[in-house]
Amino acid sequence: MPFINTKTTVSLSDAGKDTLTAALGRITRECLGKGENWVMTGYEDNAALSFQGSSGPAAYIEVKSFGTPSASGTSKMTAEICALFEKELSIPADRIYVSYYPTGMWGWNGSNF
């Protein structure tokens with residue numbers, strides 16, 4: 001049940017969003033053990049982000065998840081997300097922040113887990 005929200009300075013086409021969505025689903029399954037059919041993604045492209053005093057290519061990615069993922073899973077996920085955004089969007093890994101927000105309170109389909 002992760003929600004992965006991305007803010008990036010880069011423009012994203014619909015095809016680019018689809019590519020990222022598929023890859024983020026795979027990464028979430030491999031790193032956090034969460035099924036791809038439960039992953040929700042959101043994209044805010046052309047965001048006004050400044051990092052290290054520069055408005056160059058950058059990304060901020062939030063991973064909100066039911067339960068607390070392992071440190072090893074989040075470390076692997078961060079590496080894979082950075083590699084994905086470098087490859088697909090030409091954003092250097094050193095200009096990407098990934099934040100994790102675990103929660104024990106998550107609702108779906110009219111009730112909570």
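What follows is a chat between two people about a predicted model.

Colleague: Let's start with the sheet. In what order do the four strands of the open sheet come?
Modeller: Strand S1 (residues 3-8) pairs with strand S3 (residues 59-66) in the antiparallel sense, over six bridges. S3 is also joined to strand S4 (residues 96-103), this time in parallel and through eight bridges. The pairing in the sheet is therefore mixed, given that two strands count as paired when at least two bridges join them. The order is S2-S1-S3-S4.

Colleague: And which are the edge strands?
Modeller: The open sheet runs S2-S1-S3-S4. An edge strand here pairs on one side only. That description fits strand S2 (40-44) and S4.

Colleague: By how many degrees are neighbouring strands of this sheet turned against each other on average?
Modeller: Direction is ignored for this average, and the pairing in the sheet is mixed. The average turn between neighbouring strands is 15°.

Colleague: Give me some register. Which residue in S4 stands opposite Ile61?
Modeller: On the pairing with S1, Ile4 stands opposite Val63 of S3. On the parallel pairing of S3 with S4, Ile61 has its own partner, and that is Val98.

Colleague: What is the hand of the β-α-β unit made by S3, H2 and S4?
Modeller: S3 and S4 run parallel, and helix H2 (residues 71-89) completes the unit with them. H2 itself lies across S1, S3 and S4, at about 140° to S4. The unit is right-handed.

Colleague: Across which strands does helix H1 lie?
Modeller: Helix H1 covers residues 14-32, and its direction is at about 135° to S2. The strands it lies across are S1, S2 and S3.

Colleague: On to the charges. How many salt bridges does a search of the whole structure find?
Modeller: Side chains of opposite charge can pair when their charged atoms come close. One such pair is Arg29 with Glu36, at 2.5 Å between the closest N and O atoms. Another is Glu62 with Lys64, at 3.9 Å from N to O. For the whole structure the search comes to five.

Colleague: Why does the Arg26 and Glu80 pair tie together parts that are apart in sequence, and by how many residues?
Modeller: Their side chains meet in a salt bridge, 3.4 Å from N to O. Arg26 sits in helix H1 and Glu80 in helix H2, so the bridge links parts separated in sequence by 54 residues.

Colleague: Which residues are linked with Arg26 in a network of salt bridges?
Modeller: Arg26 is partly exposed at 32% relative accessible area, and Glu80 is partly exposed too, at 22%. Glu80 belongs to the network, and the other member linked with Arg26 is Glu30.

Colleague: Back to Glu62: buried or exposed?
Modeller: Its salt-bridge partner is Lys64, which is partly exposed at 31% relative accessibility. Glu62 comes out at 16%, and the cut-off for buried is under 20%, so Glu62 is buried.

Colleague: What about the inside? How many residues does the largest nonpolar core have?
Modeller: In soluble globular proteins, nonpolar side chains tend to be buried together. Residues with the most contacts inside the largest core are Ile61, Val63, Met77, Ile81, Phe85 and Ile96. H1, S3, H2 and S4 each supply at least two residues of this core. Its size is 23 residues.

Colleague: Which residues is Met77 in contact with, leaving aside neighbours within four places in sequence?
Modeller: Met77 is one of the core residues with the most contacts inside it. Beyond its sequence neighbours, Met77 is in contact with Ile4, Ile27, Thr28, Cys31, Leu32, Val63 and Tyr100.

Colleague: Last topic, the backbone. Where does Ser90 lie?
Modeller: Ser90 has a positive phi, near 60°, though it isn't glycine. Ser90 is exposed, with a relative accessible area of 56%. Its place is the loop between H2 and S4.

Colleague: And Asn109, what is its phi near?
Modeller: Asn109 is found in the loop between strand S5 (107-108) and strand S6 (111-112). Asn109 is exposed at 63% relative accessible area. Its phi is positive in a residue other than glycine, near 55°.

How values were computed:
Residues are numbered from 1 along each chain as its sequence is written. This is a predicted model: local features need pLDDT of at least 70, side-chain atom pairs count only at pLDDT 80 or more; totals for chains, interfaces and linings use all residues. Side-chain values use heavy atoms; hydrogens and water are left out. A crossover is right-handed if, with the strands pointing away from the viewer, the path from the first strand over the helix to the second runs clockwise. Axes are lines fitted to C-alpha atoms, for helices over the stretch in contact, and angles run from 0 to 180 degrees between N-to-C directions. Contact means heavy atoms within 4.5 Å. A salt bridge is a side-chain nitrogen of Lys or Arg within 4 Å of a carboxyl oxygen of Asp or Glu. Buried means under 20% relative accessible area, exposed over 50%, partly exposed in between (1.4 Å probe, protein chains only). A nonpolar core is a set of buried Ala, Val, Leu, Ile, Met, Phe, Trp, Tyr and Cys residues joined through side-chain atoms within 4.5 Å.
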